[in-house]
Amino acid sequence: MVWRRRFIAALTFLAGLYFLLEFILPPTVPGSTHRGVFLEQLPTVLALATADGERLEVEVGPGVELSMMVRDPTGKLQAKVQRTREVSVGETLSVRTRTFAFGSFRNGTFLDDKGGAVALRPGERVYSDDSGDRPADPAQLAPGTPLRVEARGARVVGIRWGSLTLLDGPAGEARSRRTVALAPNIAVLREKRKGTPDEIEPYEARVGDLLAVGHTTFLRDQRDTAAQFNSVLGTLALGMGLLSLGMVNGRKLRKRGEDRWVAVAFFVAVVLGVVAGVYKYYDPNTSERSFSDAIVFKLIGPVGSTIFSLLAFYLASASYRAFRIRSAEAGLMMATALIVMLGQTPFGMYLTGWLGEQLKALWLPNIAGWVLRVPNSAVVRGLIFGTMLGGIGTALRYWLNLEKGSAMGGGD
Amino acid sequence: MDNANWQVLLLMVVFAGLVLWKIASAKRGQGLYIRPIPGLNAIEEAVGRSAELGGPLLFHGGIADFTNVQTLAAVGILEHICKTAAKYGNRILVTTAMPVMVPIWEDVIKASFAAAGRPELASQSEVRFISPAGDLTALGTTQVLVDEKVSSCFLFGAYDYTSLLYSEGGQIAGCMQIAGTSDYYQIPFFVASCDYVVMVEELFACSAYLTREPTMLGSVVGQDYGKLFLLLLILVGVICATVFGPANPLNVYEGLLRF
Amino acid sequence: MWRRLAALDRVPRQTIYLLMFLACGLPFFFDVRLPLYVWPETRAVFEVTDSTPPNKVVLICSNRVQGSQGENWPQYEALVSHLMLRGIKFVVIAVDSDPLAPQFSERVNERQAAKYGRKYGVDWVNLGMVRGAPLIMASIGRNIKAVFPRDYRGYSTNDAQKLPILKNITGAADFQILWAIEYQPSLDWMVWLDPAGRVPVAFGSAGIVTTSWYPYISSGQMKGMMAGIRGAAEYETLVRSKYGRAYDEEGLRGGRLLVPLAFGHLVIISFILLGNLGMIAKRRAAKEGRR
Amino acid sequence: MSWSEYWSSSWAVWLGAFCVLAIYSYLFRDNPVYRLMMQIFIGINVGYAVVVQWKDILYPLWWLPMMDGIDALLGRGQGSPYGALWVLVGVLGLLWYFQLSRRYLWLSRVVIGITVGIGAGFTFKSLFGQNIPQVVDSFRPLGPSAIAVQPRRLFALPQSVVPPLLDEPLLVLAGEREAVAVETLEGREVWRCPLPSRPSGRVREQGAFVEIPCGTETVRIDRRTGSRLPAGAPIPPYAAGQVGAEAGWHLGEGRDRLVKAGVAAPDGREATVVFSVVDGRLAASRWDASTGGGFWSTDPGVPARELFDGGRFVLAADGRSVAVVDASLGVVTARFETAETPAWLTVARMADPVHDQATVLAISADGTIEAFCATDHKVSRQPAGRLLWKAEAGRPLAWGGTAGGVLFAVGPDGGSSYELPNVPKALGASDYWDNWVFVVTLVSVMTYFFFSFRREPPVVTGVRRLGRWLLMLGFGAFFGNTVMSRMSFLLDRLMFLVDDWIKPFFHQIFG
């Protein structure tokens, strides 16, 4: 079935391609990107139709925040901040036009903490952090409370895109002043001395900033969605463990004998686990929640860590049996292990502390530390360099589906 | 580092290019050389010893599934062990903690014995799924060693803390043990309790040497060139650092890679 | 004599188990503390954590579960007790862990908060668990509230009244240090959380994996670490020596576990030595026998 | 406590203790109780994980966006219709389960392929991000260097006869005839503006403007265009609200008096501290706004003729000798002598939350730039006051300022910008020995893992053997640390048995 293999190979390639491109491509499309020293900007203006049917024009600048309402996991609507370039005509937004600190409220007008009147345009309302979906109630505000002027649920009916003026040649020549028009998905990046440029809003640019302005490659914008996709896709396999364990134990259940009861115990335990999981989301102090806590802390906790703790015994007997100086190599390994072990415990200090400050370097903790920091560090680094190249090789083979054989190819 | 700069891009192209180039030349059938790994000759010795004593061989392919490269390397090694066993007429037991891996190990055994002309050995061999829990599988495997009077034991693949349980069990049972993993935390335990240990990258080199499978082979050789390149990069860096002293901005070489 | 010593070559494992059990168990009945040499790796991270300014938070990724609690619990509790003592704000998350992890962290948080009178939402917040490392780490560095729309208790992370601690916290620039406490924390924290590398990374990990962190500490990618129980005990020592009596050490595990740990090590070391002695004795005895 | 109370509160402890001991029974022989425990443990964990992963991950990140999307498609709700695409992710996720079918196994390869592909895609970023700093850190000097540390020169700057204004990203210099603005990243000139006469005072920031005193008049220049505003013209409205914005501190008029606002005094309160020169000595006094005045003063005992601002520090110069005073504590952190009488002193700080590396930069009229430690540098082991490096600009300098690790040094004949070196680590014989060990170990371990070179010189074989030995040393260290890990699991359980079970039980019996 060659087409199956090709289909899977193509999907694998595409899935990896996004992440690779996101890493190696710059955030804006090369070639169409303008680079220069920022001089001035013409702000973008949004024309909004507010929920009350008013029309409002908002100049996007410092203090303005555009957010879209999305549902949060509890089902409540929650604001998610949008970049100006991501806004398009027809969308419904909450627009914060400015902020101020509450001073007083007189004659239906808010005054800020410096005594200036806050003039509200039609469609704008004042909200506080605590007021939720309702406008802030001036009677309940303490002076100094931060307040926001917002137009909520406003539909974007028009956008007048602004522009940036950049200097991309010698100063003083008119030719070197270049005006770059903003548009949807035109990103503005501020360059730094080191590292990747940061994306900024056009109004955040300061005179003298080196900017790169160009169309986004969209790769960066989708990073969070990609992370979510990866997370969801991985978690959707959650039933696999349950199913494969269920099948194994189901088989045992059909057989007679001692194993049968072990399988029954397994299924009872699964049900118990599910119940504990469901009850986990009940409020504290309810009996359901304390049942869940008891299962988690009194049963899973002790049993889980006890099973792991058996390893200490195995380790003791195994190291007794195995760590014999059969060869010089094993001897070297053992000597190092002993030094590190003694250095880790207070006995290391007792054994060598009498050497005094003068011979501090010979204290066992310091010798152990030296072994770990110098030779061991170099050994580990040698190993991780190997692992890195191995990782690159493996990633390439998987990504390009070069791996043959029964394991990856699906047997065809 | 959010986006690759040109230096990183260059390194990426060099490393990936070397690997792809060598894979391509391996696929074209160019004879690529890999030096023999000391632990390898021991495989034949172990199989032979087992044939003398009359017990089966036990192979455990690590704790990971086939998305782990180490498991893929282990597949190659199992193929080789099967071919050697076909010569001496040994049967093979494979244990695993992964239900997904059972059909894959079965396929490998069937195909390898068939290729070596002893298909009847495949039906005598067995793949046992023991338990989904790692440590129960390890303890179960040691039980198998005793019950079946196994005399040679091969542990290849990815291992976690259970490595000790496998190799100590083998030692108690008096098996000749050959282990190989690239999980370096587990290597001390294998070194202490096994007769031969294939360490870290030797595992992949081993698999490539045995199977001559072009992808694995090319990849190992390509990585070798990559390592050589990295080593030279570091040596030049050491020389520059010695000449200029630490943190000297005049040392442009170091500045290139610092971000 | 060699023949008698040769018996050491095959001590029954149950004997070793019993001695081990006693060496580790008995010290718990006595309240002994052993003085400790503090390693520089622990001191470095203590100092960064201790100098957290009020406008920043310490981000803790605690993936501690039952399996690794032997070491991670003392580490986590030492860290949290220090933060609670100093009133340093911190945010606890879990990434790609066992789903139980947030519950385990909260237990410790609540106990330490009761000691120093700290309040949930003001001094600390537990945001629960997400999956999808390493990509999700980058998302956390960009905007932690978008990754965790609600906390472990179900409050919205944008709710400034319930969770005032998160009010001015957005991403990497607001984190003083990242503590990843887990059996084997992911190295991807160094790369993905803050590509600009402003957030120092500290690990609290199982002793076994600490061996491989040293190259990362030397290159500065990692600030330091707590190495197993020893690291936790050292961290407690550092807090005690700086804050003295204000530090309530009741219930802290690091210093206490260190004593049986030392005796346990002693058992293992002596058995390794005895085993080798036995092996040599056996060889000599065999030689003598042949003669 | 009565026994009934005891049992009701500690049944769970007994259950836990029973589990622990049941499992430990395995150490003596295999038994069914142990197997049963194991199955129960696996079962509960699986059941619990399924619920929690659904509630915490799938429901918020997949189900809700998907349902909102479907609602939007059907014309209800206000979510984004693109959310409906999550249905496809659900379909892909279902393919996982074909792993259980032999016939349709290949379908599961689709989703495995995608997962593996994603993994491969971001591996590159992870690997390079993790390992390139490792490569750089391996560049270890093997012996003392003959070449002194020098700051790297970046670009030239025009002349300035008065202290210019460094207000990132713009540097405004006032020369004899004209003012020039350059951006600080690449040194590109942004504008030039002719001046009526020779400037007489420092260039000041004034919101959207730059002010330069020239004799009797003050020239006001637009930051964006470099055009001069007529004298006395009102400030245009777009600049209003920005004028007068101050940084945390500013230099007072005249250099003998420095005012620092928001400095934490020894009692922990924030205060405004005035540093001045009284009778040729440095004096500091605090004006406390919260107590309405009141003076706290300290005399660090430093002879001073000129004072310079260094952020957290105050730099007091008396001829060639300089004292660095911590502005909050009033203590001298370093003293040193410069080669020439400094024309300007400034402090460059490296961003590091703990090992606050501050370097004093002294520039003098003959064109030398010297860097000294302001405090003890813990990481680099350099003591306070040590001369770190010295550079010659080749022209007279009068002023210097730093921003983002770059020094801008200018004088009447122009100047340059320099990328400042990080404070170099002071290395001794033992460090070079360590570096030798490190490099030799690294090289031999890497050599050990070469497999494909047919012909090798004998030295490589030797190095490989050494590599194997050193690997064993590393694995020994791994083992040593493993013991601590493994034992801690046991200790945790024993602590539970002793503290939660035995001790309370004994307490209950014996009171």
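Which residue in S5(D) does D:Ala181 stand opposite? The partner is D:Trp191. This is a predicted model.

## The sheet of chain D

Chain D has an open sheet of four strands. Their order is S2-S3-S4-S5, and they pair in the antiparallel sense. Strand S2 (165-167) and strand S5 (189-194) lie at the edges, each pairing on one side only. From one strand to the next, the twist averages 10°.

Strand S4 covers residues 178-183 of chain D. Five bridges join S4 to S5(D), again antiparallel. In S5(D), D:Trp191 faces D:Ala181.

## Helix H2 of chain D

Helix H2 of chain D runs through residues 32-73, 42 residues in total. From first C-alpha to last, H2 reaches 57 Å. That is close to the 62 Å expected at 1.5 Å a residue.

H2(D) has a kink of about 60° at D:Leu58. The proline D:Pro60 comes shortly after the kink. Beyond the helix, H2(D) is followed by D:Gly75, which has a positive phi near 85°.

## Helix H5 of chain D

Helix H5 of chain D takes in residues 429-448. Its 20 residues should span 28 Å at 1.5 Å a residue, and its end C-alpha atoms are 28 Å apart, so the two values agree.

Many names appear on the buried list of H5(D), including D:Asn435, D:Phe438, D:Val439, D:Thr441 and D:Leu442. D:Val443, D:Ser444, D:Val445, D:Met446, D:Thr447 and D:Tyr448 are buried too. What covers the buried residues comes from several chains. Helix H9 (375-399) of chain A is part of the cover, as is helix H10 (214-244) of chain B. Helix H6 (458-510) of chain D is also included.

## Where chain C touches chain D

How many residues does each chain bring to the contact between chain C and chain D? Chain C gives 44 residues and chain D gives 35 residues. On the side of chain C, helix H12 (residues 254-290) contributes the most, with six residues. By class, this side of chain C holds 23 nonpolar, 16 polar and five charged residues.

## Chain B as a whole

Chain B contains eleven helices and six strands. Its C-alpha atoms fill a box of roughly 70 × 40 × 30 Å along the principal axes.

Chain B has 259 residues, and 61% of them count as buried. Take the contacts in chain B between residues at least 6 apart in sequence: 70% of these join residues at least 24 apart.

Definitions and conventions:
Residues numbered from 1 in each chain as written. Chains lettered and ligands numbered in written order. Predicted model: local features only at pLDDT ≥ 70, side-chain atom pairs only at ≥ 80, totals over all residues. Helix = DSSP H or I, 4+ residues; strand = E, 2+ residues; numbered from the N terminus. Expected span 1.5 Å × (residues − 1). Bend = angle between axes of the 7 residues up to and from the residue. Contact = placed C-beta atoms within 7 Å. Nonpolar A, V, L, I, M, F, W, Y, C, P; charged D, E, K, R; others polar. Buried ≥ 20, exposed ≤ 12 C-beta atoms within 10 Å, placed from the backbone. Pairing = 2+ DSSP bridges. Axes fitted to C-alpha atoms, helices over the stretch in contact; angles between N-to-C directions.
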